[in-house]
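Colleague: I should like to learn how salt bridges and burial are read from a model. Please take the general idea before each case.

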Amino acid sequence: MTQHRKGLVLDFGGVLTTPLLPAALAFEKRAGLPEGALLTGIYLNPEGIRLTEELERGALTQTQWNEAAGRLVGVEPEGLMGRVFADLRPEPSVIAAAATARRAGIRVGIVSNTVGMEPWNLYDGYDIHRRYDAVVLSGEHGTRKPEPEIFRLVLRELGLTAEECVFVDDTEQYLAPAADLGFATVHAINPARTVAALETLLGIPLTGTDPDRVTL
């Protein structure tokens, strides 16, 4: 007999929003950069990785990251994070599925590696503290995915064990540490497939809400 999970933990960027990579590639085009320059200069560069991890832990402000990352890539630093992800939009089908799950009695939380809250706020307009039962943002706790402690934090806030929960993330490397704790995991690549996987793991239909009618 299948044991359905009764908790749902979601990453934010790339799960409750549209994918991050197309937004970053669009920024490169607007900035006149060669394709892949941002990813190579920051997210595949040891110094860029260090800066981003410090930002996610809250040890670096977004403005400090903007200045350092701007130098690495050779672009104007002012408002850089917001410019990089200017094309991100809500992912209505997954937001609707999470809301449906919550109405059905599933406890729903967010675990997100933050990128600072100002001058650009990734979560602005999503009303995350009202729409979800637990919100754990890395910069507020000094720990980040894939470290086990950040998963333990959200479990404590939800009042559930890992074995009772599903974890969804678009970054594959964050799934294994969650699975090691006992979470069922879903790699979010395609929203429809993500929702279908959640219906199976939670044992409830999640597609009854028209995603185009979800308001933020």
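Modeller: Buried means under 20% relative accessible area, exposed over 50%, and partly exposed in between (1.4 Å probe, protein chains only). This is a predicted model, in which local features need pLDDT of at least 70 and side-chain atom pairs count only at pLDDT 80 or more, while totals for chains, interfaces and linings use all residues. Residues are numbered from 1 along each chain as its sequence is written, and side-chain values use heavy atoms, with hydrogens and water left out.

Colleague: How many salt bridges does the structure hold?

Modeller: Side chains of opposite charge can pair when their charged atoms come close. The criterion is a side-chain nitrogen of Lys or Arg within 4 Å of a carboxyl oxygen of Asp or Glu. The structure holds 13 salt bridges. In one of them, R156 pairs with E149, with the closest N and O atoms 2.9 Å apart. R156 is exposed at 53% relative accessibility, whereas E149 is partly exposed at 33%.

Colleague: Which parts does the salt bridge of R144 and E53 tie together?

Modeller: Helices (H or I, at least four residues) and strands (E, at least two) are DSSP runs, numbered from the N terminus. The side chains of R144 and E53 meet at 3.6 Å, N to O. R144 lies in the loop between α8 (138-141) and α9 (148-158) and E53 in helix α3 (residues 46-57), so the pair ties together parts 91 residues apart in sequence. R144 is buried, at 9% relative accessible area, and E53 is partly exposed, at 29%.

Colleague: Which residues are linked in a network of salt bridges?

Modeller: The network links D11, K145 and D169.
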